[in-house]
Amino acid sequence: ILLIIASVIGVIVYRLSVFLVFSATLPRHISETEAIRKYLTPQTATSVTASLISFIVIMVLNVIYEKVAILITDFELPRTQTEYENSLTMKMFLFQFVNYYSSCFYIAFFKGKFVGHPGNPVYWLGKYRNEECDPGGCLLELTTQLAIIVGGKALWNNIQEVLLPWVKNLIGRHCAAAGSEKVVPRWEHDYHLQPIGKLGLFYEYLEMVIQFGFVTLFVASFPLGPLLALINNMLEIRLDAWKLTTQFRRMVPQKAQDIGAWQPIMQGIAILAVVTNAMIIAFTSDMIPRLVYYWSFSVPPYGSHSRHTMKGYINNTLSVFNISDFKNASKPLSSWFGNQTTCRYRDFRYPPGHQHQYEHNIYYWHVIAAKLAFIIVMEHIIYFVKFIISYLIPDVSQKTKSKVKREKYLTQKLLHENDLKVVKRTMGKIAHKIIKGVDSTFQHKTE
């Protein structure tokens, strides 16, 4: 956890430092290409490069966490293979969960939320200023982060699953052919393929569950995620079929009661996804402030419009700050403002001169109350619909239940008939001995 926190903080420091560099140098380099300048802003360039660095760090840490999870599980000495796989599943998923989702949770719920206001910014350890969102919000940056991680992970996994066993088999065939002078039978060729390993399809399950988390936890900010996951899975079905039938030895069939620890993990992700999406809509997007303004603050007693409208919304979200109230530690150069005495910043605070200047105004508390109400209502509605659907659509169909009952009945009937046969056979021998004894006694008396 400390390693992941360190990597997240490293990316934050990278964003803060590189944003200043891009802000100072990027416009000069593209001054003659207005079409590019419109989209390649310093904030966009910083977000994309930081997301790429985060993806590289995630891939490197995955290798470390996999070895640590296996090592810890081996120390436990589980009694059975099922216990071993369930223990390893929980550890590996928790490592991967924190590794993959920590940067996304930071951007969605923490970045730009505790920055203070002009003249009184929030500092870490008294000297490091907190990271702020783009003026348009953090939703676009979260979408960029998700697109790069989801797309990069799918591409990297597919390349790794195809190339790695193929290269190993190619090297193995080359070494085997160099040392042999006879025709090798097919079964020996198959023996030199890659072993499936003691974990079997564990990594396939892990990949699907991590993808399921990306698709569900952050779908409100990245609606394209399910479509990308569908395309990736359609491609991966064919790649896995090719891999398992041509590059690996034939798997040994094993009985399985269920999918083990993956089932509660997926149920937990589905429940957590409702909360995260509700909080993304409430706290990361602008939907709730817009609705509050439209229904409450655009009309009297707060607004001056005669009917509900979105006119004046942008002006209502910008607070006023007096430039003379800047502290020396955070005061910009005076040449930036010219003859201006005030500036605007995105927040809901009282203006200078008010008895509660620079404190949160009534609109801020209305928005907070609406956000919390939205989260509670959305969670209850979705959970209610989920439980109704779960009740109406059973996990096991009635036809399958009938077949299971019939199989149990036939099993009991077979066992009962077998017991009867044993009893008959045993009683027959006893009866034969009794009859034989009676006959010998009767014959003796007659004599």
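Start with the empty space: across the whole structure, a search turns up one cavity of 30 Å³ or more. Here a cavity is a set of points, on a 1 Å grid over the protein atoms alone, where a 1.4 Å probe fits but cannot get out. This is a predicted model, in which local features need pLDDT of at least 70, side-chain atom pairs count only at pLDDT 80 or more, and totals for chains, interfaces and linings use all residues. Residues are numbered from 1 along each chain as its sequence is written, and side-chain values use heavy atoms, with hydrogens and water left out.

Now select Ser7, Val8, Val11, Ser54 and Ser103. Among the 13 lining residues of the largest cavity, these lie nearest its centre; lining residues have an atom within 4 Å of a point. The volume of this cavity is about 120 Å³, taken as the space filled by probe spheres set on the points, which are joined across faces, edges and corners.

Next, colour helix 1 (2–29), helix 3 (42–76) and helix 4 (81–109), which each bring at least two residues to that lining. Helix 1 gives the most, with five. Helices are DSSP runs (H or I, at least four residues), numbered from the N terminus.

Jump to Ile368, which sits in helix 12 (residues 362–392). Is Ile368 buried or partly exposed? It counts as partly exposed because its relative accessibility is 22%, and that class runs between buried (under 20%) and exposed (over 50%), with a 1.4 Å probe and protein chains only. Add Pro289: Ile368 is 79 residues away in sequence, yet 8.9 Å away in space, C-alpha to C-alpha.

Finally, zoom out: of the protein's 447 residues, 31% count as buried.

Terms used
1 Å grid on protein atoms, 1.4 Å probe; cavity = no way out; pocket = protein on both sides within 12 Å on 5 of 7 lines; lining within 4 Å.
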